[in-house]
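Dear colleague,

I am handing over the structure below, and after it I set out what was found. Please read the notes with the model open beside them.

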Amino acid sequence: MAHLLFKDVNKVYPNGYHAVHDFNMEIKDGEFICLVGDSGCGKSTTLRMIAGLEEITAGEFYIDGKLANLMTSRERGIAMVFQSYALYPHLTVAENLGFGLTLEGVDADVIDEKVQKTAAILGLTPYLDRFPRNLSGGQCQRVAVGRALIRKVSIFLMDEPLSNLDAKQRVTMRSEIKQIHRSVGATTIYVTHDQTEAMTMSDRIVVMKSGGYVQQIGTPYELYFYPDNLFVAGFIGEPPMNFLKGKVEGGKFVNDSVSLDIAPVVDDIASIEGKEVVFAFRPEAIKVAKSGRAGKEEYLIKSNVDLTELLGDTTNVYANVGDVNVILKVNPHDTPAMGAEFKFVVPYKAAYIFDKETEKAIPSSIKRN
């Protein structure tokens, strides 16, 4: 295991492109951290700086209290799993697993013992004599993970290792990687563009935005229920959070379509009087207003249905509130007809208010869970 510390870490390329801005974070021994964000946000660059594959332009990076800026990759005690499997096609699974140990001059008997143990952990024992061309994508990815695992390093780095797998394989590999992490206990930093991977696998998530800016660091629970800003609110969650733009007048959120009393859900309503804000709610937080009225501590919103998607356990309802498109998740048995007027309620505890100008969340006076 390893303890990592980043102090104002920056990466600026020779052409002047500033890929990562002031990255600050402490990663505890054995944590599983996900770096997530859209393309060009600097997550892979950050991972490569940790690995020693990219120089740190400014700032300090420590491993177990030792300044690591100028350490070689080997000195950092790191193993890395890439997006591509990067397996040697002319070597068997056993030979691919043990290749790194072979280069280090480890005794053949020791290599064989470690290969057998690693293969057993990953369910690769029946395939040790096969070549990569005879394996499925999921099996190839397990070999790539095993090649990192066998070295018994203190830091695992994974750069979108599941992106080449189909949906079913990704689900299986997510659980396998998490189980491996629990059994091995190595500090793991995992890069992905898939927020579902980040939510299901990590102890904490680092959300990054294009240009290399960290937006929020927190547990999956914190990011889902307490997003710091509009970017995090829209990035975490599937389907994404719905946003209605308007203004605060007389303690109410108003626009051409709705008038909602938001005083009960804001710490200091006077501080945002007259401001342009965003009223937000998650698709799965709404309830069908069967009676056509809102209950206590609920907002009633009218919409018109454009499209519905039956997914089995739920239905996605694509609707519009005025000129704003929203996505709602409802019970399949409550699915409205396309083109129909549809009334739904948003519980106070599921409502979020953001400052439109700063995009930051406005402190709430209610508990989310």
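**Enclosed space, pocket and cores**

The largest cavity holds about 40 Å³ of space, and the coordinates come from a predicted model, which should be kept in mind throughout. With a threshold of 30 Å³ or more, the structure has 1 cavity. Its lining is made by Phe6, Val9, Val20, Phe23, Thr46, Met49, Ile50, Ile56 and Phe61, and these divide into 8 nonpolar residues and 1 polar, with no charged residue. At least two lining residues come from each of β1 (4-12), β2 (18-27) and α1 (43-51), and α1 gives the largest share, 3 residues.

As for α1 itself, this helix is mostly covered, with 7 of its 9 residues buried. The buried ones are Lys43, Thr45, Thr46, Leu47, Met49, Ile50 and Ala51. After α1 comes Gly52, which has a positive phi near 85°.

In strand β1, which also contributes to the cavity lining, you will find Asp8. Asp8 has a phi near 50°, a positive value in a residue that is not glycine. Because its relative accessibility is 44%, Asp8 counts as partly exposed.

The largest pocket is a separate entry in this account, with a volume of about 590 Å³. Its lining consists of 18 residues, and Ile78, Ala79, Met80, Gly100 and Arg151 are those nearest the centre. By class the lining has 12 nonpolar, 2 polar and 4 charged residues, and β6 (78-81), α2 (93-103) and α4 (137-149) each provide at least two residues of it.

Turning to the nonpolar cores, the largest has 45 residues, and those with the most contacts inside it are Leu97, Val143, Phe156, Ile177, Tyr190, Val207 and Ile236. Its largest share, 6 residues, is supplied by α4, a helix that also supplies at least two residues to the lining of the largest pocket. Another core lies apart from this one and has 30 residues, including Phe279, Ile301, Val326 and Leu328. As background, nonpolar side chains tend to be buried together in soluble globular proteins. To follow one member of the largest core, Ile236 touches Gln195, Met199, Val207, Leu223, Tyr224 and Arg282, once residues up to four places away in sequence are set aside.

**Individual residues to look at**

Arg204 belongs to strand β9 (residues 204-209). Its side chain makes a polar contact of 2.8 Å with the side chain of Glu31. Not counting residues up to four places away in sequence, Arg204 touches Met25, Glu26, Ile27, Glu31, Phe32, Ile33, Cys34, Ile217, Gly218 and Thr219.

Glu273 sits in the loop between β13 (259-261) and β14 (276-281). Which residues does Glu273 contact, leaving aside its neighbours within four places in sequence? They are Val248, Glu249, Gly250 and Gly251, and a polar atom of the Glu273 side chain lies 3.1 Å from the backbone nitrogen of Gly251. Glu273 and Lys252 are 21 residues apart in sequence, while their C-alpha atoms are 8.7 Å apart in space. Glu273 counts as partly exposed because its relative accessibility is 40%, and the range for that class runs from 20% to 50%.

**Backbone details**

Two further places deserve a look when you go through the backbone. One is the peptide bond between Glu238 and Pro239, which is cis, with omega about -5°; Pro239 lies in the loop between α8 (230-235) and β11 (242-249). The other is Glu160, in the loop between β7 (155-159) and α5 (167-184), where phi is positive at about 45° although the residue is not a glycine. Is Glu160 buried or exposed? Glu160 counts as buried, because its relative accessibility is 13% and the buried class covers values under 20%.

With best wishes

Terms used. Residues are numbered from 1 along each chain as its sequence is written. This is a predicted model: local features need pLDDT of at least 70, side-chain atom pairs count only at pLDDT 80 or more; totals for chains, interfaces and linings use all residues. Side-chain values use heavy atoms; hydrogens and water are left out. On a 1 Å grid over the protein atoms alone, a cavity is a set of points where a 1.4 Å probe fits but cannot get out, and a pocket is an open set with protein on both sides within 12 Å along at least five of seven lines; lining residues have an atom within 4 Å of a point. Grid points are joined across faces, edges and corners, and a volume is the space filled by probe spheres set on the points. Helices (H or I, at least four residues) and strands (E, at least two) are DSSP runs, numbered from the N terminus. Ala, Val, Leu, Ile, Met, Phe, Trp, Tyr, Cys and Pro count as nonpolar, Asp, Glu, Lys and Arg as charged, and the others, Gly among them, as polar. Buried means under 20% relative accessible area, exposed over 50%, partly exposed in between (1.4 Å probe, protein chains only). Contact means heavy atoms within 4.5 Å. A polar contact is a pair of N or O atoms within 3.5 Å; within protein, one must be able to donate a hydrogen and the other to accept it, and residues adjacent in sequence count only if both atoms are side-chain atoms. A nonpolar core is a set of buried Ala, Val, Leu, Ile, Met, Phe, Trp, Tyr and Cys residues joined through side-chain atoms within 4.5 Å.
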